[in-house]
Each structure stands twice: as structure tokens, then as C-alpha cells.
Amino acid sequence: ITQSVLDVDGDVYVGTSTGKFLRYQSSTDTIIDLTGKISSFWGSNTIYRLFYDSVNKVIYLGGASATFARYNLPSYTAGGTYPTADAAYNLNSKISSFWSTSVYSFTMDTNEKVLYLGSYQGGKFARYNLPSYTAGGTYPTADTAYDLTSKISPFMANYILALAFDPNHNV
């Protein structure tokens, strides 16, 4: 197990070093294998990070070889850009033009509806505007990722192992 997150329903989602994606459904004491929902685009890449977006009922997955995905929980309200509950969506194309290393860390600005990504190697740093992002400003497009590496590279060389967001100060 490389990562786990707990959702509001008490279910635990687990990622592994062999690309397995599982849900422990606490109400029934059952393990549900969700790997088939990501295997067509994830392969056996390590799942390094899971990030639970409690507002939208979505889990974001980050992994080896620049793998990036979203999984809509069964309780997700269907509709929008990624319409199906209990389904995974490949987001690799959102970062592939500028990202070539592992997605290793996430944090979210829920007010602005932005997910930030950090890399294991190469010092990559990016911003992904969620589909619900209000278009405009410096990073104008919803459901789009922007490379912010040049903004952080003077201060660090290689690894972004953790990210945190302070909603009280928007930093």
C-alpha cells in the first residue's frame, strides 16, 4: 500500500505499488477491486498519491510515469464534463505536454476549485483547474492544467514530496 484516503462515507480507498486501486467498504466489511476502472490507461504504474475532494466526491490519483486520473465515487452526482458515478477518467493528456515524471503530491484550493500537483523528480509543479473552475484570470480555462515549474524552480531543484494549502490566506 503506497497511499490510502478515507471518504465521508467511511470507505477507504487504497493505491499500491503495482497499480492496484481498491476500496474497503466499511459498511459491508468488503474489499472492492477498482483496478479495472483504471487499468486501460494506468497499467501497473505505482499509485503514489490519492487525494479526496469531498466537495465533488472525487478521488484524484497520481502515479509513476506521469499518470494522472480522477475517480468519481459511487455517491458522485452524475453530470458535467466527467458525467458517470463510479467511473475513472484518464487525465494524462492534461499534463503530458509539460510533465514527464511521477505525480507525487496534491493539494487543493477548494475556494478557487484548483488542484496543485508536485513531482517526485524534476521539480515539476502544476495547477489543474477543475471542471467547475470559474473561467478567467491568468489561468483562464476550466479542466486545464498549467505548468508552474518556472515559478518554483529558482527555489528548489528536484523533489516536491508534499504540498499544503492554507485556505485562510489563499497560499
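**Exercise 1. Describe the overall make-up and dimensions of the protein.**

Solution. The protein contains three helices and 12 strands; helices (H or I, at least four residues) and strands (E, at least two) are DSSP runs, numbered from the N terminus. The model is a predicted one, in which local features need pLDDT of at least 70, side-chain atom pairs count only at pLDDT 80 or more, and totals for chains, interfaces and linings use all residues. Residues are numbered from 1 along each chain as its sequence is written, and side-chain values use heavy atoms, with hydrogens and water left out.

Step 1. The C-alpha trace spans about 50 × 30 × 30 Å along its principal axes.

Step 2. For 171 residues, a compact globule would have a radius of gyration near 16 Å, and the 15 Å of the protein agrees with this. The radius is taken over C-alpha atoms, and the globule rule is 2.2 Å times the number of residues to the power 0.38.

**Exercise 2. State what share of the residues is buried, and describe the surface and the charges.**

Solution. Step 1. Of the 171 residues, 47% are buried. Buried means under 20% relative accessible area, exposed means over 50%, and partly exposed lies in between (1.4 Å probe, protein chains only).

Step 2. About 8100 Å² is exposed by the protein, and carbon and sulfur atoms supply 51% of it. These areas come from the Shrake-Rupley method with a 1.4 Å probe; for residues, only the protein chains shown count as cover.

Step 3. There are 11 positive and 12 negative side chains, and the centres of the two sets are 7 Å apart. Lys and Arg count as positive and Asp and Glu as negative, while His and the chain ends are not counted. The place of a charge is NZ of Lys, CZ of Arg, CG of Asp or CD of Glu.

**Exercise 3. Identify the residues and elements that build the largest nonpolar core.**

Solution. Step 1. A nonpolar core is a set of buried Ala, Val, Leu, Ile, Met, Phe, Trp, Tyr and Cys residues joined through side-chain atoms within 4.5 Å. The largest one has 22 residues, of which Tyr 60, Phe 68, Leu 115, Leu 117 and Tyr 128 touch the most other members.

Step 2. Two or more residues each come from β6 (58–63), β8 (87–90), β9 (103–109), β10 (114–119) and β11 (125–129). Strand β9 gives the most, with three residues.

Step 3. Another core, of 16 residues, lies apart from the largest one; among its members are Val 5, Tyr 13, Phe 41 and Ile 59.

Step 4. Tyr 128 has contacts beyond four places in sequence that include Tyr 60, Phe 68, Leu 115 and Leu 117, as well as Lys 113 and Asp 143. Contact means heavy atoms within 4.5 Å.

**Exercise 4. Compare the settings of Asn 72, Ala 85 and Ala 87.**

Solution. Step 1. Asn 72 is found in strand β7 and is buried, with a relative accessible area of 0%. Leaving aside neighbours within four places in sequence, the contacts of Asn 72 include Lys 57, Val 58, Ala 85 and Ala 87.

Step 2. Ala 85 lies in the loop between β7 (67–72) and β8. Its relative accessible area is 25%, so Ala 85 is partly exposed. Beyond four places in sequence, Ala 85 is in contact with Asn 72, Leu 73, Pro 74 and Tyr 76.

Step 3. Ala 87 belongs to strand β8. Ala 87 is buried because its relative accessible area is 15%. With the same neighbours left aside, Ala 87 is in contact with Arg 70, Tyr 71 and Asn 72.

**Exercise 5. Locate Lys 113, Asp 143 and Pro 131, and describe the phi angles of Lys 113 and Asp 143.**

Solution. Step 1. Most residues other than glycine have a negative phi.

Step 2. Lys 113 is not a glycine, yet has a positive phi of about 65°. Lys 113 sits in the loop between β9 and β10 and is partly exposed, at 31% relative accessibility.

Step 3. Asp 143, also not a glycine, has a positive phi of about 55°. Asp 143 lies in the loop between β11 and β12 (144–147) and is buried, at 13% relative accessible area.

Step 4. Pro 131 is placed in the loop between β11 and β12 and is partly exposed, at 26%. Pro 131 and Ala 142 are 11 residues apart in sequence and 5.0 Å apart in space, C-alpha to C-alpha. Residues touched by Pro 131 include Arg 70, Ala 142 and Asp 143.
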